[in-house]
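Grab a pencil and have a go at these exercises. Try each task before you peek at its solution.

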Amino acid sequence: MLEQIGSLDARWLVVAVLVEALSFVCCWELQCIVLRRRHWRDVAAPQLAGNAVSQVVPGGGPVGAALQLRMLVRSGSEVPAAVAG
């Protein structure tokens with residue numbers, strides 16, 4: 001299976017990266033709607049930071065979620081809405 005990676009057309013890699021980027025944008029837009037925020041940076045930065053922390057810190061899932069919640073609350077979101085979002 002690993003031998004076939006070299007034969008992969010580079011255009012598919014570009015398509016995969018674009019689709020993954022669009023999935024992040026859709027996630028941020030949905031969170032903006034749920035949290036009633038105007039700007040993506042209000043939800044994008046907490047989501048990216050929480051995801052990064054969850055990959056690095058042992059037991060990272062809950063720690064990343066807590067960081068994301070704290071950042072959302074500091075940016076002006078209410079706690080119940082941030083938890084639901």
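Below are three tasks on this structure, each with a worked solution.

This is a predicted model, where local features need pLDDT of at least 70, side-chain atom pairs count only at pLDDT 80 or more, and totals for chains, interfaces and linings use all residues. Residues are numbered from 1 along each chain as its sequence is written, and side-chain values use heavy atoms, leaving out hydrogens and water.

**Exercise 1.** Find the salt bridges (a side-chain nitrogen of Lys or Arg within 4 Å of a carboxyl oxygen of Asp or Glu).

*Solution.*
- Start with the idea: side chains of opposite charge can pair when their charged atoms come close.
- Next, check R11 and D9: their side chains form a salt bridge, N to O, at 2.6 Å.
- Then try R37 and D42, whose closest N and O atoms sit 3.6 Å apart, again a salt bridge.
- Your count should come to 2.

**Exercise 2.** Sort R11, D9 and D42 into buried (under 20% relative accessible area), exposed (over 50%) or partly exposed (in between; 1.4 Å probe, protein chains only).

*Solution.*
- R11 has 62%, so call it exposed.
- D9 has 30%, so it's partly exposed.
- D42 has 16%, so it's buried.

**Exercise 3.** Which residues does C32 contact (heavy atoms within 4.5 Å), leaving aside its neighbours within four places in sequence?

*Solution.*
- Set those sequence neighbours aside.
- What's left for C32 is R37, H39, W40 and V43.
- Link back: R37 is also the salt-bridge partner of D42.

How values were computed: Contact = heavy atoms within 4.5 Å.
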